[in-house]
Amino acid sequence: MNILVLKLILAPVIIGSASLAGRKWGPAVSGWIVGMPLTSGPVIFFLALSHDATFAYNASLGTLSGGFSLVAFCLVYAWLAMRFNWIVSILGSLFTYGAITAWMQNMTFPFVPLFLAVFVVIVLGIRFMPKEMDGDLVESKPGRWDIPSRILIGTSFILFLTGIAPFIGPRLTGLLSTIPLYTAILAVYAHRQQGSRGAIHVLQGLLHGLFAFLGFFITLCSLLPHAGIAVSFLSGIVVALLAQGGSLVAMKQRGSAL
């Protein structure tokens, strides 16, 4: 199958399925779902198909490094949302994300220390999120173009990033694959419709979902240099799903609006 056709089929299916699940089960689950590598995973997959294993491996390391930026984005948005509106919150969090990503472009870490550092940062991110607030979330009905617009944005981003990958190199491609497109959309929407509490639930869900992101890429980095694409990605998906199940249990124990 032509790689472009595969992109146009796979990306909308993944994005649409996750969006429908999040709509059914609430903002925390929305964030938890988009914590999975829904854009970064397909990006690396298509890079592995189009380039060699070394390129895909280096891009995977770049994506892992993007975990620092994602956690910072969540913390900054959540704490700003406690006092400011969604405009200030999204601008401040995106600026922080961009600054850390730019800094990480010039930093390289060995694989194992990088994995451990990202794991610790995710745990600390969950620990330092704003405390649970009292009151019920306000229910709101999404617009009819909500999911189609997410599919369009996400698919376009995957096509764009994999298209420019040969020009910007594997590390920057990997870093940019973690741009929090869906998280920003979900957090802003929840913030506008449900107040700061809704946005914080989305971001708490994302941080718990990042364990699946971490599990996927630790598996991918371990197997890509030695195993084939199919074995590497299938193994990564299995590990991500197991990690996602464990994080769901942790969310329930913390009572994150499930």
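Hi everyone, let's start at the surface: this chain exposes about 11,800 Å², and carbon and sulfur atoms supply 70% of that area (accessible areas come from the Shrake-Rupley method with a 1.4 Å probe; for residues, only the protein chains shown count as cover). Please keep in mind that this is a predicted model, where local features need pLDDT of at least 70, side-chain atom pairs count only at pLDDT 80 or more, and totals for chains, interfaces and linings use all residues. Residues are numbered from 1 along each chain as its sequence is written, and side-chain values use heavy atoms, with hydrogens and water left out.

How confident is the predictor? The chain has a mean pLDDT of 80, and 78% of its residues reach 70 or more (pLDDT is the predictor's confidence in each residue, from 0 to 100). Among the elements, helix H1 (residues 3–25) has the lowest mean, 61, while H5 has the highest, 93. Over residues 134–138, pLDDT stays under 50, and the model has ten contacts for them beyond four places in sequence (contact means heavy atoms within 4.5 Å).

Now the overall fold. The chain has eleven helices and zero strands (helices, H or I with at least four residues, and strands, E with at least two, are DSSP runs numbered from the N terminus). Of the 258 residues, 49% count as buried (buried means under 20% relative accessible area, exposed over 50%, partly exposed in between, with a 1.4 Å probe and protein chains only). Among contacts with a separation of 6 or more, 82% are between residues 24 or more positions apart.

On to the inside. In soluble globular proteins, nonpolar side chains tend to be buried together. Here, the largest nonpolar core has 61 residues, and Ile44, Tyr77, Leu203 and Leu210 touch the most other members (such a core is a set of buried Ala, Val, Leu, Ile, Met, Phe, Trp, Tyr and Cys residues joined through side-chain atoms within 4.5 Å). Helix H10 (residues 196–223) gives this core its largest share, 15 residues. If we leave out residues up to four places away in sequence, leucine 203 touches Phe73, Cys74, Tyr77, Ala78, Met129, Thr183 and Ala187.

Cysteine 74 has 0% relative accessibility, so it counts as buried. Cysteine 221 is buried too, at 3%. How many disulfides does a search of the whole structure find? The count is zero (a disulfide is a pair of cysteine sulfur atoms within 2.5 Å).

Next, two residues in helix H5 (residues 86–104): isoleucine 100 and threonine 101. Are they buried, partly exposed or exposed? Isoleucine 100 is partly exposed because its relative accessible area is 23%, whereas threonine 101, at 6%, is buried. Leaving aside neighbours within four places in sequence, isoleucine 100 is in contact with Phe68, Ser69 and Ala72, and threonine 101 with Ser69 and Leu175. The C-alpha atoms of isoleucine 100 and serine 69 are 5.7 Å apart, although 31 residues separate them along the chain.

Last stop, helix H9 (residues 181–194). Its 14 residues should span 20 Å at 1.5 Å a residue, and its end C-alpha atoms are indeed 20 Å apart (the expected span is 1.5 Å times one less than the number of residues). The buried residues of H9 include Thr183 and Ala187. Just after H9, glycine 195 takes a positive phi of about 80 degrees. Thanks for listening!
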